[in-house]
Amino acid sequence: MRKPSAQAALAKPLPRYRAPVAKTLRSPIPPPALQRGRRSREAAELVLLIHAGWVGMALLLVACLPAWKADFDKRMQPAVKGAPTLKQPVVEASRNHPFQTRQTLFAGGSDSLVARTVGHAEGTRTPDGRKTRAYYGHKDPGNGAWNLGSFSFQHCREARYNCSTPEAADDRQLQRLQSQHAVLLRRAAVAKLQMTLAEQLNGIDLANQAPLAALSDQGYIDRLSQAKQKGFNGQDAILEARVWSYWSPQKKRWDAPGLGNIETSIRHDQERRLLAIARAMAMVQQQVAGLQDSQRALNLLKLQPEIVNPYAFSHQRSDYLWWDAGYWDAKLQQQRQVPPGYDPAYDRGFANGSTF
């Protein structure tokens with residue numbers, strides 16, 4: 001018996017459904033010549049990018065070098081870790097000498113140029129201007145009086161001064177030194193002598209140490225003029241003037257009881273004080289006014305400033321003085337003021353100071 005057509009249709013198997021398969025498109029392989037051209041273009045672009053980078057770095061270096069140099073100069077200034085910030089003296093830089101006017105020499109009180117240089121010669125101030133323990137009071141080794149302040153002022157108990165603090169003692173002595181400095185300038189004008197900054201500071205220091213030696217006839221100004229007539233210059237002339245200002249023409253002998261009335265002792269002490277003034281003066285000038293343009297030659301390869309030597313003497317130097325100078329430079333962590341090997345005593349002091 002034949003099945004109905006509907007049943008026959010249902011009994012017939014249906015065809016299986018197959019999802020269409022996407023055909024993957026394969027890019028044709030470029031010819032070798034095209035590949036080589038593409039690589040050449042990529043290499044050229046890379047070289048161009050590298051050159052552009054170098055040019056950009058060069059332009060950046062040129063633009064930033066002045067700022068780096070200024071920052072380097074600032075960092076190369078003498079500095080001490082933990083040192084207090086000092087009130088810097090007012091500076092009116094002139095073409096020949098900064099600090100040359102009377103106002104700038106004494107401006108700033110206890111932090112004036114005079115206080116810092118003379119104070120270092122007295123041992124009450126460090127070369128960078130900091131105050132030592134002696135600043136706050138010490139017994140004078142010569143006459144036993146009580147010294148106070150930067151200038152070792154020993155008249156505070158007198159009624160006309162009546163001071164009890166080192167700052168007040170500095171104010172009193174600065175007033176005296178300004179008057180004595182005016183006398184030095186008048187005597188120099190009569191002698192037709194134009195004093196340099198170092199000559200003025202040494203005259204002021206001598207007035208602080210021994211007013212008669214600085215201000216009397218045949219004192220500092222007369223001796224300085226005589227030294228220059230004999231051919232002495234610079235520090236040598238100053239040293240001769242300081243030493244021979246202690247010679248008394250009336251007594252025909254040395255008149256320096258505190259120094260034993262012996263020329264060798266007088267010369268050693270005056271050279272020590274002269275060197276101390278040169279050291280402190282150089283540090284103040286670097287801190288406030290910076291080095292002169294002729295002394296600021298910058299080595300662009302090493303980025304190191306030219307060494308400046310403020311301690312140059314043409315005659316035989318004292319080992320003790322130069323050891324002390326090297327010790328202080330190392331102790332203050334500042335650059336060498338004397339090139340290595342230039343002076344053995346300085347080298348020993350610098351090596352010893354750097355170990356503290």
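Here is a short back-and-forth about a predicted model of a protein.

Me: Let's start with the overall picture: how many helices and strands are there in the protein?
Reply: The chain has 356 residues, and 39% of them count as buried. Among contacts with a separation of 6 or more, 58% are between residues 24 or more positions apart. As for secondary structure, the tally is 12 helices and six strands.

Me: How do H8 and H9 sit relative to each other: roughly parallel, roughly perpendicular, roughly antiparallel or oblique?
Reply: H8 covers residues 220-229 and H9 covers residues 234-244, and their axes come within 8 Å. They cross at roughly 135°, and the crossing is right-handed. Angles over 145 would count as roughly antiparallel and 65 to 115 as roughly perpendicular, so what remains for this pair is oblique.

Me: And in the contact of H8 with H9, how many residues are nonpolar, polar and charged?
Reply: On the H8 side you've got Tyr220, Arg223, Leu224, Ala227 and Lys228. They meet Ala237, Ile238, Glu240, Ala241, Arg242 and Trp244 in H9. Sorted by type, the contact residues come out as seven nonpolar, no polar and four charged.

Me: Lysine 228 in H8 forms a salt bridge; which residue is the partner, and is that partner buried or exposed?
Reply: The closest N and O atoms of the pair are 2.8 Å apart, and the partner is glutamate 199. The two are 29 residues apart, with lysine 228 in helix H8 and glutamate 199 in helix H6 (residues 197-209), so the pair links distant parts of the chain. Lysine 228 is partly exposed at 28% relative accessible area. Glutamate 199 has just 3%, under the 20% cut-off, so this partner is buried.

Me: What about arginine 242: which residue does it form a salt bridge with?
Reply: Arginine 242 sits in helix H9, and its partner is in helix H6, 37 residues apart from it. Both ends are buried, because arginine 242 has 0% relative accessibility and the partner has a relative accessible area of 0% as well. The closest N and O atoms are 2.7 Å apart, and the residue in question is aspartate 205.

Me: Which residues do shared salt-bridge partners join into one network?
Reply: By the distance rule, the count comes to 13 salt bridges. One of them pairs arginine 242 with aspartate 205. Bridges that share partners join these two with two other residues, and the full network is Glu122, Asp205, Arg242 and Arg273.

Me: Now for aspartate 255 and lysine 251: how far apart are the closest N and O atoms?
Reply: Aspartate 255 counts as partly exposed at 32% relative accessibility. Lysine 251 also counts as partly exposed, at 44%. They form a salt bridge, and the closest N and O atoms are separated by 3.3 Å.

Me: Tryptophan 254 lies in strand E4; is it buried or exposed?
Reply: E4 spans residues 253-254. Leaving out residues up to four places away in sequence, tryptophan 254 touches Val243, Trp244, Tyr246, Trp247, Asn261, Glu263 and Ile266. Isoleucine 266 is 12 residues along in sequence and 9.1 Å away, C-alpha to C-alpha. The relative accessibility of tryptophan 254 is 10%, below the 20% limit, so it counts as buried.

Me: Why is helix H4 described as largely enclosed by the rest of the structure?
Reply: H4 runs over residues 113-122. Its buried residues are Leu113, Val114, Ala115, Arg116, Thr117, Val118, Gly119, His120 and Ala121. Right after the helix comes glycine 123, whose phi is positive, near 90°. The description follows because the buried share of H4 is nine of the 10 residues.

Me: Serine 152 and lysine 252 each have a positive phi without being glycine; which is buried and which is exposed?
Reply: Serine 152 has a phi of about 55° and is found in the loop between strand E2 (146-147) and helix H5 (166-190). Lysine 252 has about 60° and is in the loop between strand E3 (247-248) and E4. With relative accessibilities of 9% for serine 152 and 62% for lysine 252, the buried one is serine 152 and the exposed one is lysine 252.

Technical notes:
Residues are numbered from 1 along each chain as its sequence is written. This is a predicted model: local features need pLDDT of at least 70, side-chain atom pairs count only at pLDDT 80 or more; totals for chains, interfaces and linings use all residues. Side-chain values use heavy atoms; hydrogens and water are left out. Axes are lines fitted to C-alpha atoms, for helices over the stretch in contact, and angles run from 0 to 180 degrees between N-to-C directions. Helices (H or I, at least four residues) and strands (E, at least two) are DSSP runs, numbered from the N terminus. Angles under 35 degrees count as roughly parallel, over 145 as roughly antiparallel, 65 to 115 as roughly perpendicular and the rest as oblique. A crossing is left-handed if the near helix is turned anticlockwise from the far one by less than a right angle, and right-handed if clockwise. Contact means heavy atoms within 4.5 Å. Ala, Val, Leu, Ile, Met, Phe, Trp, Tyr, Cys and Pro count as nonpolar, Asp, Glu, Lys and Arg as charged, and the others, Gly among them, as polar. Buried means under 20% relative accessible area, exposed over 50%, partly exposed in between (1.4 Å probe, protein chains only). A salt bridge is a side-chain nitrogen of Lys or Arg within 4 Å of a carboxyl oxygen of Asp or Glu.
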